[in-house]
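Morning, everyone. Please bring up the model on your screens, and I'll walk you through it.

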Amino acid sequence: MKLQEMIGLAVFDVENGKEIGKIHDFILDENWLITGLELEGKALFSTHVKSVSWEDIVAYGEDAVMIRSQEAVRKLGANDISLTYLLGKRKLKEMQVLTEDGILLGRISDVYFEQEQGNTILGLEISDGFVSDLIEGRKWLPCTAEMAIGESAVMVPPMSEQRLEKAINSVNG
């Protein structure tokens, strides 16, 4: 499953069957784990966001995310979130992917995780630009322990270029 496909999904409280909100972004950590969801509804000048910790998610699928109860929604200081997928100060989407020997593989266009394996990020979908995506398709790079999320780029081991695979749902199929 891809994170981009989950943005905008409705989040429901299992206890009351009430819609709590929609997914606005994902909160991540440096160990390639999804630690929570950010919900829509941040006020214009607010310094807080509504979030749900990953542990409070009961189930998720293509149509909705189910959380234990409305109490699972917490306010989190926007400045306390160090890494997000889509919109934060430091976000994975559009971050450059560089090998340690200086080769630019492209920019992150999406992040894959396996539903059965919970919140572990399995790989990155990498775009090398619109034209390249149309001609060759996007590439997929499996995540490894040697990959590091830096301040403005994801650093990957030399030879990672050889590990690139054609993305599962890329632009040209």
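One cut-off before we start: buried means under 20% relative accessible area, exposed means over 50%, and partly exposed is what lies in between. Take Phe-113 as the test case. Its relative accessibility is 1%, so Phe-113 counts as buried. Keep in mind that this is a predicted model.

Let's stay with the aromatics. How many aromatic pairs does the structure hold? Four. A pair of aromatic rings is described by the distance of the centres and the angle of the planes. For Tyr-60 and Phe-113, the ring centres are 5.7 Å apart. The planes sit at 45°, so this pair is tilted. The two residues come from distant parts of the chain. Tyr-60 is in strand S5, Phe-113 is in strand S9, residues 104-113, and 53 residues separate them. Is Tyr-60 buried or exposed? Its relative accessible area is 16%, so Tyr-60 is buried. Add Trp-54, and you have one aromatic cluster: Trp-54, Tyr-60 and Phe-113.

Tyr-60 brings us to its strand. S5 covers residues 57-60, and S6 covers residues 64-67. The two pair in the antiparallel sense, over three bridges. Together S5 and S6 form a hairpin, with three residues between them. Which residue in S6 is the bridge partner of Ile-57? That partner is Ile-67.

Now look just outside this hairpin. Asp-56 is in the loop between strand S4, 48-53, and S5. Arg-68 is in the loop between S6 and S7. Their side chains meet in a salt bridge, at 3.6 Å from N to O. The partners are 12 residues apart in the chain. Which side of the cut-off does each one fall on? Asp-56 has a relative accessible area of 13%, so it is buried. Arg-68 has 47%, so it is partly exposed.

On to the other salt bridges. Side chains of opposite charge can pair when their charged atoms come close. The count for this model comes to six salt bridges. One of them joins Lys-2 and Glu-125, with the closest N and O atoms 3.1 Å apart. This is a link between distant parts of the chain, 123 residues apart. Lys-2 is in the segment before helix H1, 3-6. Glu-125 is in strand S10, residues 121-127. Are these two charged partners buried or exposed? Lys-2 has 8% relative accessibility, so it counts as buried. Glu-125 has a relative accessible area of 2%, so it is buried too. There is a third member here: Lys-2, Glu-125 and Arg-138 are linked in a network of salt bridges.

Another salt bridge brings together the side chains of Arg-90 and Glu-30, at 2.7 Å from N to O. These residues lie 60 apart in the chain. Arg-90 is in the loop between strand S7, 73-77, and strand S8, 96-99. Glu-30 is in the loop between strand S2, 18-28, and strand S3, 34-39. Arg-90 is at 13% relative accessibility, so it counts as buried. Glu-30 is at 35%, so it is partly exposed.

Those two loops come up again in the backbone angles. Find Trp-32, in the loop between S2 and S3. Its phi is near 65°, a positive value in a residue other than glycine. Trp-32 has a relative accessible area of 7%, so it is buried. Now find Glu-94, in the loop between S7 and S8. Here phi is near 75°, again positive in a residue other than glycine. Glu-94 is at 42% relative accessibility, so it counts as partly exposed.

Last item: pockets. Rolling a probe the size of a water molecule over the atoms shows where empty space is left. What is the volume of the largest pocket? About 270 Å³. It is lined by 17 residues. Closest to the centre are Glu-38, Val-49, Ala-78, Leu-87 and Gly-88. By character, the lining divides into five nonpolar, six polar and six charged residues.

That's the tour. Over to you.

Conventions
Residues are numbered from 1 along each chain as its sequence is written. This is a predicted model: local features need pLDDT of at least 70, side-chain atom pairs count only at pLDDT 80 or more; totals for chains, interfaces and linings use all residues. Side-chain values use heavy atoms; hydrogens and water are left out. On a 1 Å grid over the protein atoms alone, a cavity is a set of points where a 1.4 Å probe fits but cannot get out, and a pocket is an open set with protein on both sides within 12 Å along at least five of seven lines; lining residues have an atom within 4 Å of a point. Grid points are joined across faces, edges and corners, and a volume is the space filled by probe spheres set on the points. Ala, Val, Leu, Ile, Met, Phe, Trp, Tyr, Cys and Pro count as nonpolar, Asp, Glu, Lys and Arg as charged, and the others, Gly among them, as polar. Two strands pair if DSSP finds at least two bridges between them. Helices (H or I, at least four residues) and strands (E, at least two) are DSSP runs, numbered from the N terminus. A salt bridge is a side-chain nitrogen of Lys or Arg within 4 Å of a carboxyl oxygen of Asp or Glu. Buried means under 20% relative accessible area, exposed over 50%, partly exposed in between (1.4 Å probe, protein chains only). Rings of Phe, Tyr and Trp (its six-membered ring) pair if their centres lie within 6.5 Å; planes under 30 degrees apart count as stacked, over 60 as edge-to-face and the rest as tilted.
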